Amino acid sequence: MAARLNELRGFLSVCGINNTGPRNARQTTELITSQGFTSINDFNGFKQADVGRLVKAFNTGNPASGTIGFMSQKKLEALAFWVTDLKKRGLTPTLAEWNNDAVEKARIESDITSE
């Protein structure tokens with residue numbers, strides 16, 4: 001379980017979610033804990049609106065750890081699209097494949113824009 005959560009922190013970090021400082025004060029830890037995530041597979045099936053609600057709930061309920069900004073939200077939307085797309089094709093999302101290029105590709109393929 002700990003390995004899956006550490007991997008999830010890595011995915012979130014690529015999205016711009018803060019993963020520095022004491023573990024209990026990190027945005028990644030707060031997001032995982034407050035929303036009950038257990039692995040990257042929890043993003044499977046998320047829609048763009050689901051991510052928007054997730055970010056709104058996090059930003060409202062966790063003022064001490066800071067808020068998730070607009071561009072990080074867009075990257076989380078891309079992550080959800082990417083995970084869902086891989087799962088549909090019978091593939092497993094890996095942290096080694098989730099990088100800035102993958103974020104941009106997922107944003108284009110899903111038609112997620114920052115406009």
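Which helix gives the most to the lining of the largest pocket? I began with this question and found that helix α4 (residues 70-88) gives the most, with six residues.

**Entry: basis.** I note that this is a predicted model, in which local features need pLDDT of at least 70 and side-chain atom pairs count only at pLDDT 80 or more, while totals for chains, interfaces and linings use all residues. Residues are numbered from 1 along each chain as its sequence is written, and side-chain values use heavy atoms, with hydrogens and water left out. I took helices (H or I, at least four residues) and strands (E, at least two) as DSSP runs, numbered from the N terminus.

**Entry: pocket.** I looked up the largest pocket and read about 190 Å³ of space in it. Its lining has 11 residues, and those closest to the pocket centre are Phe-46, Lys-47, Ala-80, Phe-81 and Thr-84. A pocket here is an open set of points on a 1 Å grid over the protein atoms alone, where a 1.4 Å probe fits, with protein on both sides within 12 Å along at least five of seven lines; lining residues have an atom within 4 Å of a point. Grid points are joined across faces, edges and corners, and the volume is the space filled by probe spheres set on the points. I sorted the lining by class and obtained four nonpolar, three polar and four charged residues. In this scheme Ala, Val, Leu, Ile, Met, Phe, Trp, Tyr, Cys and Pro are nonpolar, Asp, Glu, Lys and Arg are charged, and the others, Gly among them, are polar.

**Entry: Thr-84.** I then looked up one of the residues closest to the pocket centre, Thr-84, which lies in helix α4. Is Thr-84 buried or exposed? Thr-84 counts as buried because its relative accessibility is 12%, the classes being buried under 20% relative accessible area, exposed over 50% and partly exposed in between (1.4 Å probe, protein chains only). Not counting residues up to four places away in sequence, Thr-84 touches Phe-43, Asn-44, Gly-45 and Phe-46, where contact means heavy atoms within 4.5 Å.

**Entry: core.** I next examined the largest nonpolar core, which has 27 residues. Leu-12, Phe-43, Leu-76, Leu-79, Trp-82 and Trp-98 have the most contacts inside it. At least two residues of this core come from each of α1 (2-14), α2 (27-35), α3 (48-61), α4 and α5 (100-110). Helix α4 gives the most to this core, with seven residues. A nonpolar core is a set of buried Ala, Val, Leu, Ile, Met, Phe, Trp, Tyr and Cys residues joined through side-chain atoms within 4.5 Å. For Trp-82, leaving aside neighbours within four places in sequence, I listed contacts with Phe-11, Pro-93, Thr-94, Glu-97, Trp-98 and Ala-106.

**Entry: α5.** Which residues of α5 are buried? I found Ala-102, Val-103, Ala-106 and Arg-107. They lie on the same side of α5, because they cover an arc of only 135 degrees around the axis, the arc being that of the directions from the helix axis to the C-beta atoms. These buried residues pack against α1 and α4. The face of α5 turned away from its buried side carries the exposed residues Asn-100, Asp-101, Lys-105 and Ile-108.

**Entry: α2.** In α2 I recorded Gln-27, Thr-28, Thr-29, Leu-31 and Ile-32 as buried. The buried residues of α2 pack against α1 and α3. Just after α2, Gly-36 takes a positive phi of about 75 degrees.

**Entry: α3.** I compared two positions in this helix, Val-51 and Lys-56. Val-51 counts as buried, at 0% relative accessibility, whereas Lys-56 is exposed, with a relative accessible area of 62%. Val-51 touches Phe-46, Gln-73, Leu-76, Glu-77 and Ala-80, not counting residues up to four places away in sequence. The C-alpha atoms of Val-51 and Gln-73 are separated by 7.2 Å, with these positions 22 residues apart along the chain counted as their spacing.

**Entry: loops.** In the loop between α3 and α4 I looked up Ile-68, which is buried, with a relative accessible area of 6%. Leaving aside neighbours within four places in sequence, Ile-68 is in contact with Ile-17, Gln-27, Leu-31, Val-55, Phe-58, Asn-59, Gln-73 and Leu-76. In the loop between α4 and α5 I looked up Ala-96, which is exposed, with a relative accessible area of 72%. Ala-96 and Gly-10 are 86 residues apart in sequence and 9.6 Å apart in space, C-alpha to C-alpha.
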